[in-house]
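Biologist: Hey, can you walk me through this one? I'd like to get a feel for it before class.

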Amino acid sequence: MKKIYIGKTALKSQRNGCKHPKRSSFHDHKDDLRKRLSFTTHKLEMVEAEFDSTRQYLETELRRAQEELEKFTEKLRRCADILGPWPEQKELQLLFPGL
């Protein structure tokens, strides 16, 4: 057996294999942590991919909405050019007394 000194105490360990129960428990715990880390990393990568996909979709939808708004704004400008200035509230009430 080989003695390992930690501070002022000596721990005895086997040279061949992990026959010590504490050491085996440590390795089990370490393996469990590795599995959890792997699972969490995989899940994070999936969430990140979904986020990127959603972001791209929303950016596309935003561009479409902006284009549609620009077209509608241009139509309103052309109508205003044809009809003249937009009537004030008082003028609308004179034209349409029921409003």
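Biologist: How much accessible surface does the protein chain have, and what share belongs to carbon and sulfur atoms?
Modeller: This is a predicted model, and in it the accessible surface of the protein chain comes to about 10,200 Å². Carbon and sulfur atoms hold 59% of that.

Biologist: And what percentage of the residues count as buried?
Modeller: Just 2% of the 99 residues in the protein chain count as buried.

Biologist: OK, new topic. How many helices and strands are there?
Modeller: You'll find 2 helices and 2 strands in the protein chain. Starting at the N terminus, the order is β-β-α-α.

Biologist: What's the average pLDDT for the chain?
Modeller: The protein chain averages 80, and 71% of the residues score at least 70.

Biologist: Which element has the lowest mean pLDDT, and which the highest?
Modeller: Strand β2, residues 9-13, has the lowest mean at 50. The highest belongs to α1, at 92.

Biologist: Let's talk charges. How many salt bridges does the structure hold?
Modeller: There are 5 salt bridges in the structure. One of them pairs Asp32 with Arg36, and their closest N and O atoms are 3.3 Å apart.

Biologist: Where do Asp32 and Arg36 sit relative to each other?
Modeller: Both are in helix α1, which covers residues 21-83. They are 4 residues apart there, so about one helical turn separates them.

Biologist: Is Arg36 buried or exposed?
Modeller: Arg36 counts as exposed, because its relative accessibility is 54% and the cut-off for exposed is over 50%. Its partner Asp32 is partly exposed, with a relative accessible area of 31%.

Biologist: Next one, please. What does Asp52 pair with?
Modeller: The side chain of Asp52 meets that of Arg55 in a salt bridge, at 3.9 Å from N to O. These two are 3 residues apart in helix α1, so the separation is again about one helical turn.

Biologist: How exposed are Asp52 and Arg55?
Modeller: Asp52 is partly exposed at 31% relative accessibility. Arg55 is partly exposed too, at 35%.

Biologist: Which residue forms a salt bridge with Arg77?
Modeller: That's Glu74, and the closest N and O atoms of the pair are 3.8 Å apart. Arg77 and Glu74 both lie in helix α1, 3 residues apart, or about one turn of the helix. Glu74 counts as partly exposed, at 36% relative accessibility.

Biologist: Which residues are joined into one network by salt bridges that share partners?
Modeller: Asp52, Arg55 and Glu59 are joined that way. You met Asp52 and Arg55 above as a salt-bridged pair.

Notes: Residues numbered from 1 in each chain as written. Heavy atoms only, no water. Buried < 20%, exposed > 50% of the residue type's maximum accessible area, 1.4 Å probe, protein only. Areas by Shrake-Rupley, 256 points an atom, 1.4 Å probe, with all protein chains shown as cover. Salt bridge = Lys/Arg side-chain N within 4 Å of Asp/Glu carboxyl O. pLDDT = per-residue confidence, 0-100.
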